[in-house]
Amino acid sequence: MTFDHSRMPRELAPAELAEATRHHLVYSIGKTPDAAKLSDWRLALSRAIRDRIVDPWVATTRHVYAHDLKRVYYLSMEFLIGRLIEDAVNNLGLEPAAREALASLGVDFDAAMLDEPDAALGNGGLGRLAACFLDSMSTLGIAAHGYGIRYDHGLFRQSFRDGWQIEDAEDWLAQSHPWEFERTEAVWPIGFGGEVTTRDGRPRWEPAETVLAAAYDTPIPGWQGRWVNTLRLWSAKPTKIFDLEPFNRGDYMAAAAPAVLAQTISRVLYPDDTTPQGKELRLKQEYFFTAASLRDLMRRFFSDHDDAGLLPSRVAIQLNDTHPAIAGPELVRILMDERGLGFDEAFAIARGTLHYTNHTLMPEALEKWPAELMARVLPRHMQIIERMDAAHAAEMRAAGRPRPDSVGCIRDGEVRMGDLSFIAARRVNGVSALHTDLMRRTVFRDLHALHPDRIVNQTNGVTPRRWLRSCNPKLSAVITEAAGEGWEADLDRLAALGPLAGDAAFRERVMAAKQANKRHLADWIGATCGLTVDPGAMFDVQIKRIHEYKRQLMNVLELAALWNEMRRDPGAPVPPRVRIFGGKAAPGYAMAKAIIKLINDIGRTINADPAMKGRLAVVYPPNYNVTMAERLIPAADLSEQISTAGMEASGTGNMKLAMNGALTIGTMDGANVEIHEAVGADNIFIFGLDAEDVSRLRAEGYDPGAHVARSGRLSEVVAQIRAGVFSDGDGERHRAVADNLTGHDWFMVAADFDTYWDAQRRVDAAWADPNGWARKAVLNIAPMGRFSSDRTIRGYARDVWQVTPQF
Ligand code: NBG
């Protein structure tokens, strides 16, 4: 199938782009050049660039309709897109022109890029994966829409006060968002509550409350702008802006009530990726965006098909975690109650169309809703869930494989969204080989036995456009020399670097890029954290959400133990290190917040020790987000991926860091296992219990106190924490952390501590040989083609969605 390339963005001369920018400054932003601020110029440039995306966007849409391509709909509560200006500039190859254009207008290009607010419409890996997938689906030419929520406020802004995390509302929409198009015509009423009646023999849901879902479209251009998909985000609006009657009475609060209620739904991103709380609002958010998306895609489907039975061959819907799991019952409801199909047929169509990705095995993260809540908020859906579940049970009985009691969408008064997603999906996928294997053996063991073909693996990936090309231009230039132009869309070409690992001149160029990135980061650390760090030191980073299973605690305990050792033996040949942390804790997660405070306390103590000057420094810049990741990753030497084995479904930061030439210290967990396989045992520092050890130890009865007692180094640090060495003599401050470690330690920090310490010393020894280290760095980059999200999306296209990429 050929694609009409005549609509591709043309080469753009800097003067032309400057003129277009000046034009938008005046006519879209309403400012004159002499009065324009940086943000005005940035908005004007964004408009000028957006103009270049519209033609290929229209061409893509026409092509998809003309060829009736099967469409993919990626439903996700989170899209952690960060700054879009960068994707646009890079994917369209406009950087040189934009740089020159802005310079001619007297505007600093780099400052303009950084001026765009970081759109934090997600918590972490799950949301960022969705953003990388959008980029890859456009790059490969897959007809796709992302569907999500246009939160007024993304993930909270983090700051530290006395080392404690403070949360403030984030405000990415304070300025206009230049990439989106408001679609006033695409508005759907979404109901909640009420009751189910029967009319003409058909059940009819009469909701008590209705809000409107209003669409905002952001075009997503792929590499070189050849193909442009759409991210459609829904904003909740009242069906009635305000009540005139109370207004006229002078009761202005009552008049505004309908608006306030409705808008609450898309007000904030729920800041947690592991525990469902804030129950009713969260359930409403989930139904709100899922229902709006389904209505929208069904309208598109029925605009040129009459037969609902064709849906599975024309449409693939991907549920990103269980958050949109209500899509199953909603689709059945639409087909039955609105299209008049029988239940069996409707259920079969849903099961041919829906697919579900699981992102965590932690039992508390598999969503469950009180049946009472579900029945109250979505009464018709509750009936359908019961029916789907009964149908599944009957089907299994008939097939001679009756369901065990551990399976069922409604158990113990709760609706289980994991089971519901599983029984409603054609394919269910894990996000790394290990995670998929554990899914089969643990959370979904019984469902897997009933449906042995349903679970498939699709190991995560990251887009090399954003995570290499655009965040690390220096290394990218070196790669282009070795692998030729175009590797950004064909990352397997990095393999060309492998043989060059033995070439001293090449290694030097790779390390010179790293060094330049480190200098740049050191300047930024100086400016933002007021700390002077030596760019010659090893930059050792752990950047991810703060969670006990990710074990930032183990990292900081090892750091304290290292400090003890260095004070005891000032002459020991310990290479200088800068240990960098980045990450937010969910506001309600007390232990994670206590760990943040401990990191800051230990860091402050070490940084204040004059004997550590130039040898050991601790940096924890607040408000880790996509933009900060883009700064830290290119400058990292060591990547900390130290989760308790069996807990990190995949990890994607591990891939970004390795792709940028950092070496991994990590456990055999998630995608670390595949990174280990790809880079080879000599080029990664693996330590600790594996997933089987962890479950065996737990089954045997794990005694953390005994492990602490056995480790002299760990005991010393725990005693120091209890004595208040890091907390101005206040032994109480970190008691909860210390007690948990010695008494409970579910995530087995104590069990892995000593092997982690040893692995860190292996890191020290490797660092002492700069040539060897550089070789390892090159051998980390070379096999990273496997971790491009293009590879992942090709896998989904083939094994899950059954669509053919156009490129
Ligand atoms: C996260 C996992 C990560 C994984 C990402 C993307 C959730 C619920 N899960 O290991 O913790 O890389 O999903 O799959 O955010």
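A salt bridge, as the term is used here, is a side-chain nitrogen of Lys or Arg lying within 4 Å of a carboxyl oxygen of Asp or Glu. The structure above is a predicted model, and by this rule it holds 65 salt bridges. Side chains of opposite charge can pair when their charged atoms come close. Let us visit a few of these pairs.

A good place to start is R465 and D790, whose side chains meet in a salt bridge with an N to O distance of 2.7 Å. This pair links distant parts of the chain: R465 belongs to helix α18 (residues 464–470), D790 belongs to helix α32 (residues 789–801), and the two are 325 residues apart. Are these partners buried or exposed? Both R465 and D790 are buried. For D790 the relative accessibility is 6%, and buried means under 20%, so D790 falls in that class. If you look around D790, leaving out residues up to four places away in sequence, you will find that it touches S136, T139, L140, R465, E488 and A489. The salt-bridge partner R465 is thus one of the residues that D790 touches.

Now turn to E648 and K550, a salt bridge in which the closest N and O atoms are 2.9 Å apart. Here, too, distant parts of the chain are linked, this time from loop to loop: E648 sits between β22 (638–641) and α24 (653–659), while K550 sits between β19 (538–543) and α21 (552–568), 98 residues apart. E648 counts as buried because its relative accessibility is 13%, and K550 is buried as well, with a relative accessible area of 11%.

Helix α21 comes up again in the next pair, R761 and E558, where the closest N and O atoms are 2.8 Å apart in a salt bridge. R761 lies in helix α30 (residues 749–767) and E558 in helix α21, so this salt bridge ties together parts that are 203 residues apart in sequence. E558 has a relative accessibility of 0% and therefore counts as buried.

Salt bridges can also share partners, and which residues are joined into one network that way? They are R183, D217, R232, D296, R299 and R300.

Finally, let us leave the charged pairs and look at the surface. There, I241, F242, L244, F247 and Y252 form a nonpolar patch, with about 520 Å² of accessible area together. One of its members, L244, is placed in helix α7 (residues 244–249). L244 counts as partly exposed because its relative accessibility is 48%, whereas D790, back in helix α32, is buried.

Definitions and conventions. Residues are numbered from 1 along each chain as its sequence is written. This is a predicted model: local features need pLDDT of at least 70, side-chain atom pairs count only at pLDDT 80 or more; totals for chains, interfaces and linings use all residues. Side-chain values use heavy atoms; hydrogens and water are left out. Helices (H or I, at least four residues) and strands (E, at least two) are DSSP runs, numbered from the N terminus. Buried means under 20% relative accessible area, exposed over 50%, partly exposed in between (1.4 Å probe, protein chains only). Patches are made of residues with over 30% relative accessible area and no salt bridge: like charges are joined within 9 Å, nonpolar side chains (Val, Leu, Ile, Met, Phe, Trp, Tyr) within 5 Å. Accessible areas come from the Shrake-Rupley method with a 1.4 Å probe; for residues, only the protein chains shown count as cover. Contact means heavy atoms within 4.5 Å.
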